[in-house]
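Q: Take a close look at one spot in this model for me, starting from a single residue. Then work outwards to the packing and the odd bits of backbone, and keep it relaxed.

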Amino acid sequence: MQFHHHGYVSGDPRVQPAAGTGVDRPAELPDEVDVLIVGSGPAGMIAAAQLAQFPNLVTRMVERRPGRLEVGQADGIQARSVETFQAFGFADRIIEEAYRITEMCFWAPDPDNPRNIVRTSRAPDDPTGISEFPHLIVNQARVLDYFAEAARNAPARLEPDYGYEFVTLEIADEGEHPVAVTLRRSAGANAGEQRIVRAKYVIGCDGARSRVRESIGRELVGDQANHAWGVMDVLVETDFPDIRTKCAIQSHDGGSILHIPREGNHLIRMYVDLGEVSADDHGAVRGTTQEEVEARANAIIHPYALTVKHVCWRSVYEVGHRLADRFDDVPEELVGVRGPRVFITGDACHTHSAKAGQGMNVSMQDGWNIAWKLAHVLEGRAPESLLDTYSAERQVIAQNLIEFDREWSSMMAAKPEELGDPNTLADFYVKTAEFPAGMMTRYQPSLITGDAAHQELATGFPIGKRFKSNAATRVCDANPVHLGHHHRADGRWRIYAFADRPAPGQRSKAADFAEWISGSPESPVVAFTPEGADVDAWFDVKVIYQQDHTGVDLAAVPSAYLPKVGPFDLVDYEKVYAADPRDDIFEARGVDRGGALVVVRPDHYVATVLPLDAEEELAAFFAGIVNAERQPVGI
């Protein structure tokens, strides 16, 4: 964390100075906004936290509830999400309060007495070291609290406008604020009153029954529900030995339980199989009582038993896999002709079961994806065509999730004899670990993701996948750090220069690149950084040397890697790194010893890999993304 470079900070350094719309932020919802976020769920909250970093934009978030969420339905936090929390500054704190999953136990019918269950295997949660961050369980409401804090502490001082219900919207063909959103007061003294807010863009984060989705004519299409589950967050007394370990439990008659310990050491969650649902059920299964769910749970875990002491939350739901054909308002025939104005995220555009623990996790990536893109377009950093990449990228990811969840849910609901080998479920869990961890997302070549022409220069940083961090040594203070942990959600592109190590007397390519990136008119830093802004305001350039930190002379490091920032022109020393000899990043990530450039998007995904001397290719890449005519939105 960096602070003091704008003057002495005596309070909480996580609270950034208010700026722009954050100075004397109006308490009342204005009539016109740049971005209106509808819904304060995971996608909405992360979008708000990201957009709050751009104080020149007028962003507001409306929520029909009168206040914060108290009991969340989602609880699984995959490693990719914890990486994301790191970017927003609260990973360490949420890890401390969460339950950490380290392994999963699998239970099946005892071959000698099928009415009883026995533990058949244990599987490590992350056997291959997918991420340095853990797999967590924590209440969704706490995740929203942390994002709300990040938005509130950001320069724009963004806070939810509670008590507003979305009614409908209309999109005009012209005008600076073409989206007219009708809202109704859902709480407070003025409950029932309607008003219109005009926006440049709207992000719909309002769940599976999304009115935003309906208003733009999108539909969720897919399988009808045919299997029901009772889910309960409860405090129990039990003799089941793995009550504090995540478990998949299959019984002799096909009933199963996904058991998940919750944070705080006492609470547990159980997804209890209620069986097939007939086509003419018409939702009657949702009337299954708590007593029936508990009885079914006890039948499944026999010879063990549980007694529920307190029910914190419960529900009955039917598994359905449904997907919207596009995640924005642009008709298929007009894609590429006109830009989108309204976007849908999370359950508003994809629904699935809770078994894979992906709902909240994928929704957050939806929200982050569209938020930074909107900010860049509205600030004049990027062309409007950048917004077309949201639906193109995230719709494919949602389809992949649904296919995975369909397979996992079917296996969980199958009878033991249908699976054959009792280790089938455990084997599938281990084999597919990268997917539920959130690490299989890979964006295809586009405006902001290059091709694989130079992938061999950094094989451990696959283009289109998230930047997998690795240990490095910060040269200025010899601190061992994770390189990716310095990548905060501040809307900047990252350019990592992995230095070559030339023979004595030869000039380094890394030095040549530094000269070009800081001095050439073709350099994105020179061409696009706004006048008067810090040199790293839009592009964060770092260097990683191959030698031990003691072999790097800071006095000889080019100034491009030691920029002066802030009103006092202070040197930022935290852009110069060296390979840690105990965990060489060049070796661990397959980086060519001749050097390489790894370009990373604001949302952590690798945009391109290039040779260290490919200045023209780097310039061409950013020329298609960043506006040469810098016309930031005023306030």
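**A strand residue, the cores and some backbone**

A: Val 179 has 0% relative accessibility, so it counts as buried. Keep in mind that this is a predicted model. Val 179 belongs to strand β10, which covers residues 179–185. What does Val 179 touch once residues up to four places away in sequence are set aside? One stretch of its partners is Leu 169, Glu 170 and Ile 171. Another group is Val 197, Arg 198, Ala 199, Lys 200 and Val 202, and Arg 341 and Val 342 finish the list. There's also a long-range pairing to look at: Val 35 sits 144 residues away from Val 179 along the chain, yet their C-alpha atoms are separated by 10.0 Å.

Now for the packing further out. In soluble globular proteins, nonpolar side chains tend to be buried together. Here the largest nonpolar core has 119 residues. Phe 147, Trp 493, Phe 513, Tyr 561, Leu 618 and Phe 622 have the most contacts inside that core. Helix α7 supplies its largest share, with ten residues. If you want one of those hubs to click on, try Phe 622: neighbours within four places in sequence aside, Phe 622 is in contact with Trp 493, Ile 495, Pro 524, Phe 528, Phe 539 and Val 599. A second core, separate from the largest one, has 24 residues, among them Ile 101, Ala 123, Ile 260 and Trp 408.

Next, the helix pairs. Two packed helices are described by the angle between their axes and the distance between the axes. For α2 (residues 79–88) and α7 (residues 359–378), the axes come within 10 Å and cross at roughly 40 degrees. That angle is why α2 is oblique to α7. The crossing of this pair is left-handed. On the α2 side the contact uses Arg 80, Ser 81, Thr 84, Phe 85, Ala 87 and Phe 88, while α7 brings Asn 361, Met 364, Gln 365 and Trp 368. By type, that contact has five nonpolar residues, four polar and one charged.

The other pair is α11 (residues 509–519) with α14 (residues 615–623), whose axes come within 11 Å and cross at roughly 35 degrees. The crossing of α11 and α14 is right-handed. Asp 512, Phe 513, Trp 516 and Ile 517 of α11 meet Glu 615, Leu 618 and Ala 619 of α14. This contact divides into five nonpolar residues, no polar ones and two charged ones. Phe 513 and Leu 618 turned up earlier too, among the core residues with the most contacts.

Last, the backbone oddities. Most residues other than glycine have a negative phi, and most peptide bonds are trans. His 604 has a positive phi of about 85 degrees even though it is not a glycine. You'll find His 604 in the loop between β28 (596–600) and β29 (606–610). With a relative accessible area of 7%, His 604 is buried. Asp 569 also isn't a glycine and has a positive phi, of about 50 degrees; its loop runs between β25 (564–565) and β26 (570–571). Finally, the peptide bond from His 302 to Pro 303 is cis, with omega near 20 degrees, and Pro 303 lies in the loop between α6 (290–300) and β17 (306–318).

Definitions and conventions. Residues are numbered from 1 along each chain as its sequence is written. This is a predicted model: local features need pLDDT of at least 70, side-chain atom pairs count only at pLDDT 80 or more; totals for chains, interfaces and linings use all residues. Side-chain values use heavy atoms; hydrogens and water are left out. Axes are lines fitted to C-alpha atoms, for helices over the stretch in contact, and angles run from 0 to 180 degrees between N-to-C directions. Helices (H or I, at least four residues) and strands (E, at least two) are DSSP runs, numbered from the N terminus. Angles under 35 degrees count as roughly parallel, over 145 as roughly antiparallel, 65 to 115 as roughly perpendicular and the rest as oblique. A crossing is left-handed if the near helix is turned anticlockwise from the far one by less than a right angle, and right-handed if clockwise. Contact means heavy atoms within 4.5 Å. Ala, Val, Leu, Ile, Met, Phe, Trp, Tyr, Cys and Pro count as nonpolar, Asp, Glu, Lys and Arg as charged, and the others, Gly among them, as polar. A nonpolar core is a set of buried Ala, Val, Leu, Ile, Met, Phe, Trp, Tyr and Cys residues joined through side-chain atoms within 4.5 Å. Buried means under 20% relative accessible area, exposed over 50%, partly exposed in between (1.4 Å probe, protein chains only).
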